[in-house]
Each structure stands twice: as C-alpha cells, then as structure tokens.
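Here are some exercises to work through with the model open beside you. Try each task before you read its solution.

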Amino acid sequence: MITAPLRLRLDGDALVSNWRTLAAMSGTAACGAAVKANGYGLGARDVVQRLAGAGCRDFFVATWREAMALADLGVSVSVLHGLREEDVAVALSAATARPVLNTVEQVRRWRDAGGGACDVMVDTGMNRLGIEPGDVAAGLLDGLAVETLLSHLASADEDVPLNRTQRDRFAALQGKSGARRMSLANSAGIALGADYGFDLTRPGVALYGAVPVAAFAGRVRQVVAPEVQVLQRRRVPAGQGVGYNMTWTAAADTEVAIVNLGYADGYLRCFSGKGRAWADGHALPVIGRVSMDLTALDVGAAPGLAEGDWVAIDYALPAAAALSGMSQYELLTGLGARFDRIWY
Ligand SMILES: *Cc1c(COP(=O)(O)O)cnc(C)c1O
C-alpha cells in the first residue's frame, strides 16, 4: 500500500512501560486498559496486542462496533456503553465481550435475552452512566452473573471531597452486589491511593503518555510522535503574508516550508501561530493559520530542509495541551485516520 505523507511513530516499549507503571501503582488490584476511541487514537488492535502480551487481561471499549473489531484477538472486552436493543444479538453471540449494564432497562433487557456474564456500572455521583446504589440494595442484580461492578470518578484529577464521597459510596456496595470484582479507578484515580484500587483499575490516557496528574510526571513516557513531510519550500519576501487570511506577515524575507498536516488530521487551528516542529534539533515555528490539510513552518533555522524531508511535530502532551488549550485526551483521540501508524 502507498505510504502517507504523515505518520505517527509509536513507541511500543513506552506503552508497555506505562502499563507496568500503572499496574505497579495499582497495588494489589489488577490493571486493565481502556482502548475505546481506537486506543485513544493510537490504534486499538496494536495497543491490545502489545498490552495483552505484557499481561493485561481486561480491556474496555465504548461501543459494540469497537468490541467486534477486537473479537478475533481473544481478549476479554467490556463494552462501557452497555446494551441497546440493537446490540442484543451481537452481545449474545460474542465469545469474549460482555456489556457493562448502565440502566435498569439494560439490566432487564439482558435478563430477558438470557444473557450470561456481564458487568454493571453504578453511579456514585458523576450523574453520567450507571444504576443507583439503591438499585443494588433493592436486589436489581440478584441472580445476574456480574463479573465486575464498576463506578467512575468525576474529578479524579482534582483534589476534591467528591473523590472520597464516591469511593465511600462504592465501598459500601462491597459484598452486596454479587459481583466477582469491583473497579473504580481510571488513570488519575490510580494516583489517589490504594483504597481507590479495589480489584481492578482501568487506566486509559496515562497508558498513552498523558500526565493527567503530577503523580505521573517523570513516570509515564510519551508514546506518540507525529512526523510530517515537507511538500514545498519557498522564500516569502518581506511584507508578504502566508496562508488563509494572511494572519502572518513576513517582517523580513523568510524561509517557509509547507508540511502535510492540518486540522482534519487533528492538528487544530488552535496551533496557528503557536505550534512548533523540529528538524535536526532546530525549532521551526508554525506561522499563519493551520489549514485543513497543510501547515506552514518558518524553517530559517534549518537551511538544509528540503521537499520530501520529514519534520517532527512538537507534541509532548502536557506542554502541547498548555499551549493549545486542548486537553491531552483531545490531542490523542483527535489524531486522524490519514496518519500511517508505525510501531517501533
Ligand atoms: C474512558 C474511561 C476510563 C479511562 O479513563 P482515563 O481518564 O483515560 O484513564 C475508565 N473508565 C471509564 C468508565 C471510562 O469511560
């Protein structure tokens, strides 16, 4: 197949190292992996194969289509968005995937369909998905084969009393739901301490190199490195502008490279006039407005950089988030389908 003029270099050792770090921080709890949204943009199948090889046994996706795309890998997959009427047939026939039932209606639907092992989400204060703790006490789950009881923290990346409140509400269900295991913590939740780990943690973003809380700084390694090809190099005379609406004007004659990257690839317009690329250790500022498929760089610092050469986009997640105003989650999951994804 023809190669693309933009690629993600993906560090498989860093991915596995991040999972091992999070597994160690999870203490006695097993450590799973959230691989929804195509493995946060990296490629779910490659992520699953690498993490399964390292010993990860529990994977989480959002939808049944995401689960089906992993079906032949033979790993245990929990489908966080549960069981719509449209999902029942696929869910019943799935060998290794099971629904995370989120509502009374979904519980009823799974029971009526004669479904087997399932997970259940309880809402302990986020008011997003999940049945009420009182539903558990009232016997809603009686007789159901619940593998894992889950809840999700709303503000795990902040030091707020709600974390403790949610943790305590969840702990109060211990031994009451008939579930074989309990799972509360996402990436940031793991850093809240051992009493947030329960039996199973489910990190996502930190596996992929993000640093949602300071506890991960220096411990979690960057996994993603976008690289893009120069399509044209030109000299822009002093006084002329570059790109849509001429938002940048050359103060002096300026060497400019146009690279194959734009907002349709997830490099959003918030990087206009702010982002940066690197070539041989030289910083190359983004100038003017990011277009759909193209970005202009001031390459005065890289005299040898020519058409066809590759440059590295500055995408260190915490810094890129601070610079762009995007979250580290958005920086990862926005990485588009046009990148070649190359693991090394
Ligand atoms: C996305 C998600 C996770 C992973 O969260 P991170 O913040 O990326 O670690 C865990 N649990 C649920 C229910 C999720 O939706």
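## Exercise 1: The setting of Thr295

Thr295 belongs to strand 17, which covers residues 295–298. Please keep in mind that this model is predicted.

**Task.** Is Thr295 buried or exposed, and which residues is Thr295 in contact with beyond its neighbours within four places in sequence?

**Solution.**

Step 1. Begin with accessibility: the relative accessible area of Thr295 is 3%. Buried means under 20%, so Thr295 counts as buried.

Step 2. Next, set aside the neighbours within four places in sequence and list the contacts: Ala257, Ile258, Val259, Leu261, Gly262, Tyr267, Val286 and Val290.

Step 3. Finally, look for a polar partner. A polar atom of the Thr295 side chain lies 2.8 Å from the backbone oxygen of Leu261, and Leu261 is also one of the contacts listed in Step 2.

## Exercise 2: Where two domains meet

**Task.** Describe the contact between domain 1 and domain 2: what is the area buried between them, and which three residues of domain 1 supply more of its buried area than any other three?

**Solution.**

Step 1. Fix the bounds. The domain assignment gives 32–207 for domain 1 and 224–343 for domain 2. Nine residues from domain 1 and seven residues from domain 2 take part in the contact.

Step 2. Place the domains relative to each other: their C-alpha centres are 38 Å apart.

Step 3. Turn to the area. About 860 Å² is buried between domain 1 and domain 2, with carbon and sulfur atoms giving 69% of that area. On the domain 1 side, Tyr40, Leu42 and Val205 supply 55% of the area buried against domain 2, more than any other three residues.

Step 4. Count the polar links. Between the two domains there are zero salt bridges and one residue pair in polar contact, both residues being at pLDDT 80 or more.

Step 5. Trace the elements. On the side of domain 1 that touches domain 2, helix 2 (36–40) and helix 3 (44–54) are the elements that give two or more residues. Helix 3 has the largest share, three residues.

Step 6. Sort that side of domain 1 by residue type: five nonpolar, two polar and two charged.

## Exercise 3: Salt bridges, local and distant

**Task.** How many salt bridges does the structure hold, and how many residues apart in sequence are Arg338 and Asp293?

**Solution.**

Step 1. The total is 24 salt bridges.

Step 2. Take a local pair. The side chains of Arg108 and Asp112 meet in a salt bridge at 2.5 Å, N to O. Both residues sit in helix 6 (residues 104–112), four residues apart, or about one turn of the helix. Arg108 is partly exposed at 36% relative accessibility, whereas Asp112 is exposed at 57%.

Step 3. Widen the view around this pair: Glu85, Glu105, Arg108, Arg109 and Asp112 form a network of salt bridges.

Step 4. Now take a pair between strands. In the salt bridge of Glu255 with Arg233, the closest N and O atoms are 3.0 Å apart. Glu255 is in strand 14 (residues 254–259) and Arg233 in strand 11 (residues 224–236), so this pair ties together parts 22 residues apart in sequence. Arg233 is partly exposed, at 23% relative accessibility.

Step 5. Finish with a pair between loops. Arg338 and Asp293 meet through their side chains in a salt bridge of 2.9 Å, N to O. Arg338 lies in the loop between helix 11 (328–333) and strand 19 (340–343), and Asp293 in the loop between strand 16 (282–287) and strand 17, which puts the two 45 residues apart. Both count as partly exposed, Arg338 at 37% and Asp293 at 31%.

Conventions
Residues are numbered from 1 along each chain as its sequence is written. This is a predicted model: local features need pLDDT of at least 70, side-chain atom pairs count only at pLDDT 80 or more; totals for chains, interfaces and linings use all residues. Side-chain values use heavy atoms; hydrogens and water are left out. Buried means under 20% relative accessible area, exposed over 50%, partly exposed in between (1.4 Å probe, protein chains only). A polar contact is a pair of N or O atoms within 3.5 Å; within protein, one must be able to donate a hydrogen and the other to accept it, and residues adjacent in sequence count only if both atoms are side-chain atoms. Contact means heavy atoms within 4.5 Å. Domain bounds come from an automatic or database domain assignment. Buried area is the accessible area (1.4 Å probe) that two parts lose on being put together, summed over both. A salt bridge is a side-chain nitrogen of Lys or Arg within 4 Å of a carboxyl oxygen of Asp or Glu. Ala, Val, Leu, Ile, Met, Phe, Trp, Tyr, Cys and Pro count as nonpolar, Asp, Glu, Lys and Arg as charged, and the others, Gly among them, as polar.
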